[in-house]
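User: I am new to this structure and would like to understand the terms used for it. Could you walk me through them?

Analyst: Gladly, let us take a look together.

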Amino acid sequence: MTMNKKQFQLLLDRDGHCWHCGSTGDDLIPQHRANRGHGGASKLSELNKPSNLIVLCSQANFELEHSAAFSERGKLFGWKISRYANASTEPVFDAWKGVWCILTNDYARVELHNY
């Protein structure tokens with residue numbers, strides 16, 4: 001995805017680490033929760049909203065895209081969701097912190113303590 005430094009910094013500020021392993025290194029990259037696939041510009045603008053983006057390390061990103069078992073884990077944790085889901089209402093699990101969250105489109109994350 002094309003993302004400028006300011007947008008990526010906002011994601012880093014919100015997430016702080018890889019949702020899978022907790023890495024804070026220079027291996028962090030943005031990951032779409034719902035795949036971009038092939039769609040019109042309006043669908044792409046929806047998919048590029050902050051609620052549909054999380055930060056993963058490059059290894060977790062690779063595994064999510066190439067390992068069936070890890071992909072299933074990603075679906076269970078909300079790291080991967082249906083393209084037709086509303087990302088701003090779909091919970092996502094921060095495995096490093098052990099909390100479920102809702103992500104907003106203003107780069108906020110709301111922890112769900114009773115989920």
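**Reading the strands, salt bridges and core**

Analyst: Let us start with a pair of strands: β3 and β4 run antiparallel and are joined by three bridges. Please keep in mind that this is a predicted model.

User: What makes β3 and β4 count as paired strands?

Analyst: Pairing needs at least two bridges between the strands. Strands β3 and β4 have three, so they meet the rule. One of the matched positions is Asp 94, whose bridge partner in β4 is Val 99.

User: And how do you know that β4 pairs with β5?

Analyst: The same rule asks for at least two bridges. Four bridges connect β4 (residues 99–103) with β5 (residues 109–112), and these strands are antiparallel too. Here Ile 102 faces Val 110 of β5 as its opposite number. The hairpin formed by β4 and β5 has five residues between its strands, and Tyr 107 has a positive phi near 65°.

User: In what order do the strands of this open sheet stand?

Analyst: The order is β3-β4-β5, with antiparallel pairing. Both β3 and β5 are at the edges with a single partner strand each, so each has one side without a neighbour in the sheet. On average, neighbouring strands here are turned by 45° against each other, ignoring direction.

User: Why is the contact of Arg 109 and Asp 94 called a salt bridge?

Analyst: The cut-off between a side-chain nitrogen and a carboxyl oxygen is 4 Å. For Arg 109 and Asp 94 the closest N and O atoms are 2.7 Å apart, so the pair qualifies. Arg 109 is in strand β5 and Asp 94 in strand β3 (residues 92–94), so the salt bridge ties together parts 15 residues apart in sequence.

User: Are Arg 109 and Asp 94 buried or exposed, and how do you know?

Analyst: Buried means under 20% relative accessible area. Arg 109 has 17% relative accessibility, so it is buried. Asp 94 has 0%, so Asp 94 is buried as well.

User: What makes Lys 97 and Glu 111 a salt bridge?

Analyst: Their closest N and O atoms are 3.2 Å apart, so they fall within the 4 Å limit. The two residues link distant parts of the chain, with Lys 97 in the loop between β3 and β4 and Glu 111 in strand β5, 14 residues away.

User: Why are Lys 97 and Glu 111 called partly exposed?

Analyst: Partly exposed covers the range between the 20% and 50% limits. Lys 97 has a relative accessibility of 46% and Glu 111 one of 27%, so both belong to that class.

User: How do you know that Glu 72 and Lys 75 form a salt bridge, and where do they lie?

Analyst: Their closest N and O atoms are 3.5 Å apart, so the 4 Å limit is met. They lie in helix α4 (residues 68–76), where being three residues apart separates them by about one helical turn. Glu 72, at 48%, is partly exposed.

User: How many salt bridges are there by this rule?

Analyst: The count is five.

User: Which residues touch the most other members of the largest nonpolar core?

Analyst: They are Trp 19, Ile 54, Leu 56, Trp 79 and Val 92, out of 22 residues in that core. Elements giving two or more residues to this core include β3 and β4, while β2 provides the largest share, five residues. Setting aside residues up to four places away in sequence, Ile 54 touches, among others, Trp 19, Trp 79, Val 92 and Leu 103.

Notes:
Residues are numbered from 1 along each chain as its sequence is written. This is a predicted model: local features need pLDDT of at least 70, side-chain atom pairs count only at pLDDT 80 or more; totals for chains, interfaces and linings use all residues. Side-chain values use heavy atoms; hydrogens and water are left out. Buried means under 20% relative accessible area, exposed over 50%, partly exposed in between (1.4 Å probe, protein chains only). Axes are lines fitted to C-alpha atoms, for helices over the stretch in contact, and angles run from 0 to 180 degrees between N-to-C directions. A nonpolar core is a set of buried Ala, Val, Leu, Ile, Met, Phe, Trp, Tyr and Cys residues joined through side-chain atoms within 4.5 Å. Contact means heavy atoms within 4.5 Å.
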